[in-house]
Amino acid sequence: MKKWIFENWLSPGDIVVLTAAIRDLHRAYPGRFLTDVRTSCPALWENNPYLTPLKKEDAEVRSMVCHYPLIHRSNSAPNHFIHGFIEYLNEELGLRIRPTEFKGDIHLSGEEKERPGPVEESLCEPCPYWIIAAGGKYDYTIKWWHRRRWQEVVDHFKGKLLFVQVGEKGHYHPPLKNVLDLRGKTTLRDLIRLVYHADGILCPVTLHMHLAAAVPLPPGRKRLRSCVVIAGGREPAHWEQYPGHHFLHTIGALECCATGGCWKSRTVALGDGSKLDHSDALCRHVTANGLPRCMEMITSRQVWEVCERTTCVLNETVSINQNHKV
Amino acid sequence: MQKKSKKDVPGASGNTPDAMDDKMQAPTLLEPPPKFADPRLRRDFDSDAWPLCNGNSAPLPGASDLYERRCLEFLAAYYRLNRLNRSQLIERQNYEPQKKVRSIVSRINAATVALEKLEDRYAPIGFFGEPVMDGIFYRDISFVRPELPRVYPPLQSSHIAIPGLEQIPQSELRGPVKILRFGREKVDL
C-alpha cells in the first residue's frame, strides 16, 4: 500500500478539479493507495471517502506538489482541465489513471443534505434560485464582466427567478439590487450547500462553475444543474466547460483570441506591485467601457436568453413570493 | 486558474525579471479629475449631508493618498445626493408646486447618473463604494480596498518538482536563476 500526501495551494477552483484526480486514482487502483492532501481549501475535502489521515513525518509517506502542465497545451490539445492533474499523476507516478466522471468530487454529509439550505434558512421557506457571482478576485480582473450587465440580467428575471449573490469579502463583488445578498456571509461549506440546493449558477470562469458540476444533485433531480459561464476569450471552452454548462466565449471571434484563449490576467494595471501588471499579462483590447473586448461582446440579452432556455422559467412559471425581501 | 507557461499564448514572449520590470505596465491612474472640488471647502457646506467613510471621518481635504482621494470623489457624489434628497423631502412636506418638485427629481436623476458614471469609470480596477442607508440618506460608505499581494511562508512555496533536474550535472547548473512569481504557488521558471 503506497502512502501519498498530495499538495496544492492554488485557488479553490483548482482544488475542486484536484478532487477528481484523487477519486479517479482510487478507482483505477482500488486498495493500492492511501492518500491524504494538503491544500489551500480543506473544506473542499470534508466527507471525502478517499482520504486517510497521514503524517509527513511517517517514513513511509511520500508527498508531492500537484501541477497540471497540460494547461500549456490547452489551446491546441483535446483535453479538459479534469485531465490536468490526472496526467501529472500518471507522469510522476507511472500510472494509467483515466477520468471516470466529467466533474470534481465534492461530498456532503447526510446532515448537510437534509438540513435546509442557506436560502431556505434566510427566507424561512423553500424557494427555487440561481446563484450569481458577479465579480471575482483582484488577481485576474480580466474575467470580470460589467457590473451593470449583471444587474440587467437580474432585472430581466425580476419576479420570475430569485438570484442569490455570493462572493468572498475583500474580493470585487459590487452589490446588485433585487437579489438575496449573501456576499461575505457564506463559508465554503455554506457555499457548497447553497450550490447543492441551487437550480443554476451564473458566473464568470471561477470556483462556482466547478462547484456547479462537482456538487452532487439532490435526490430526485434528473436534470443537470444549470450553469451559464460568461467567459470571453481568456480560456478555451473545451478546457473549462462541463456537460450541460453554457460557456459563453469569443474564441475565434477576435484577433487576440483568434486561435485560442489569450490567458491574460488583467484588464488594466492595478499598480499593486503584482507581476500581473506586466504588459504581457494585460488585455490588449480594452473598450471605452473599461471591459475587455471579448467580454463586451457578450451582452446581457444573450445571457438572459441562455438562462431562459436553460431554465424554461417563462413556461414553467417559477413562483416566487413577491414579499421576499431581496 | 493561472496559466503558467506562455508558450502557446498569442503574442507572448520570453521574460526575464529585468525585462519584466522594464515592461511593467504603468497602472491606470484612475483618480479624481483636476477640477474635482471637495465640497467641504465650500462656504455652503452642509456637514449633516456628508457621509462617513468606512465608518470613520473622511480623509482630510487635499489628501495625497490615491485611495483616499478616490474615496473623496465618491463621498462628494453621495453628498450631493443627500442634499438633493433632503431638498426633495422638504419640498414635499411643504407641498411645494409640482413643477418645483419635478425639478428636484430631475436633479436627483442627474446626480444618480453621475454616480453611476463614476462607478463605471472605476469598475476596471474594482474600486467602488457601498453605501449604508438611513431611509433615503447615505450615511456611511464602505470602500473596497484590493488585497495587496500576499506573502507566504517559504514552507508553502519552496518545493517545485522539476522532473529530470537531478540528472543534470552540477557543472551545467550555472548562470542566473530566472524565477517569475505570479502569486500563490504560481511560479514560472
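Domain bounds here come from an automatic or database domain assignment. On that basis, chain A of this predicted model splits into domain 1 (2-93) and domain 2 (115-316). The centres of the two domains, taken over C-alpha atoms, sit 26 Å apart. Their contact draws on 17 residues from domain 1 of chain A and 15 residues from domain 2 of chain A, with two residues in contact if their C-beta atoms, placed from the backbone, lie within 7 Å.

Residues are numbered from 1 along each chain as its sequence is written, and chains are lettered from A in the order in which they are written. Local features need pLDDT of at least 70, side-chain atom pairs count only at pLDDT 80 or more, and totals for chains, interfaces and linings use all residues.

Turning to the interior, the largest nonpolar core runs to 98 residues. Such a core is a set of buried Ala, Val, Leu, Ile, Met, Phe, Trp, Tyr and Cys residues joined through C-beta atoms within 7 Å, where buried means 20 or more other C-beta atoms within 10 Å of a residue's own. Among the residues with the most contacts inside this core are I131(A), V164(A) and V195(A). Leaving aside neighbours within four places in sequence, I131(A) touches V164(A), V166(A), L194(A), V195(A), A198(A), I201(A) and H208(A).

As for confidence, the model scores ipTM 0.79 and pTM 0.82. Chain B averages a pLDDT (the predictor's confidence in each residue, from 0 to 100) of 76, and 65% of its residues score at least 70. Over residues 4-22 of chain B the pLDDT drops below 50, though this stretch still has 29 contacts beyond near neighbours in sequence. Where pLDDT is low, predicted coordinates should not be read in detail.

Note on methods:
Buried ≥ 20, exposed ≤ 12 C-beta atoms within 10 Å, placed from the backbone.
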